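Reader: I'd like to learn how to read a model like this one. Could you walk me through a few features?

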Amino acid sequence: MERPELPLPQLHAFVVLAEELHFGHAAARLGIAQPPLSQQIRRLEDKVGHALFSREPGRVTLTPAGRELLPAARRALTDLADGLAAARAIGSGRSGRLRIGFAASLALTVLPGLLRTFRQRFPGVDLDIREMTTAPQLAALQDKTIDIGLLREPPATETELEFRTVLSEPFVAVLPAGHTLAARRTVHVAQLADSPFVLLPRAVGPRLHDQITGLCTAAGFTPQVAQHAVEWQTVCALVGTGLGVSLAPASIRRIRLKGVAFRGIEPSTARTRVAVAWRKNDPNPLVTHLLATVGQEGD
């Protein structure tokens, strides 16, 4: 189908004149003199090949051709205005879709406040929230299937991604409630040497896994892993059944499970880092807005 070449000023002039049915009133509404308005209408009629208005002394009416064109002209102008508004909103980051990956344990710490503040500031943005462990988040950022990651212990070297620490928290010992060490307020990591461990698989969070096993190594033993679990809630549930013990970020204490005790550890200086991750030089304004929101949840 041949695309018509209809300048927008001509369409706009046509719609205004069709609504006013008076050249003087239409020209005043458009902010132009009457002769340029008449010229615009004549040019449009030349393109259509038919008169759009019937001009009689003291009276202007739409011809059948004009009545047929009017709804399409209105739609074209409305669609363009809507498209421009949508493009401006997307370009400024006031609307659009932001895809966020997050580690499940962060639903207990930074995630709720961050999302609440962001939604208050940018209500027109659709948030696509995806629960993912650290390694899949890194892959999804590189594959551009998410825009932002909230993860634990980002890699030390990464050429394509940027990271910013948003939280640092200590570790706790996760014990069956009936464990002999559960009676203590603080547990030295070395005291866990004789207990089997429930740990996250290294593949889902290599640096966090190595940090936990490194605490054990520094205390003089290698943890004997009885069971792996991908999510911290599952780790705690398995500990509660008596399968073993674990070391976990302190925020895990917010998971209330019967039969599980959480105790501080020595050395107490060991901490785990939570970071926000994004692609370097990402031009998406929604990413910029999210990064500006991080750490401002209480503002």
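Author: Gladly! Let's start with a term: helices here are DSSP runs of H or I with at least four residues, numbered from the N terminus. In this predicted model, leucine 115 is found in one of them, helix α5, which spans residues 110–121.

Reader: Is leucine 115 buried or exposed?

Author: The cut-off for buried is under 20% relative accessible area. Leucine 115 has a value of 15%, so it is buried.

Reader: Which residues does leucine 115 touch, beyond those up to four places away in sequence?

Author: Leucine 115 touches Ile100, Leu127 and Ile129. Take isoleucine 129: it lies 14 residues from leucine 115 in sequence, and their C-alpha atoms are 9.6 Å apart in space.

Reader: Now for helix packing. At what angle do α1 and α2 pack?

Author: Angles that are not roughly parallel, antiparallel or perpendicular count as oblique. Helix α1 (residues 8–20) and helix α2 (residues 23–30) pack at about 130 degrees, with axes 9 Å apart. The two helices are therefore oblique to each other, and α1 passes α2 in a right-handed crossing.

Reader: Which residues meet there?

Author: From α1 come His12, Ala13, Val16, Leu17, Glu19 and Glu20, and they meet Phe23, His25, Ala26, Arg29 and Leu30 of α2. This contact involves six nonpolar, two polar and three charged residues.

Reader: Where is confidence lowest, and where is it highest?

Author: Where pLDDT is low, the predicted coordinates should not be read in detail. The protein averages 88, and 93% of the residues score at least 70. Helix α4 (residues 64–92) has the lowest mean, 80, while strand β8 (residues 197–199) has the highest, 96.

Methods. Residues numbered from 1 in each chain as written. Predicted model: local features only at pLDDT ≥ 70, side-chain atom pairs only at ≥ 80, totals over all residues. Heavy atoms only, no water. Axes fitted to C-alpha atoms, helices over the stretch in contact; angles between N-to-C directions. Parallel < 35°, antiparallel > 145°, perpendicular 65-115°, else oblique. Left-handed = near helix turned anticlockwise from the far one by under 90°. Contact = heavy atoms within 4.5 Å. Nonpolar A, V, L, I, M, F, W, Y, C, P; charged D, E, K, R; others polar. pLDDT = per-residue confidence, 0-100. Buried < 20%, exposed > 50% of the residue type's maximum accessible area, 1.4 Å probe, protein only.
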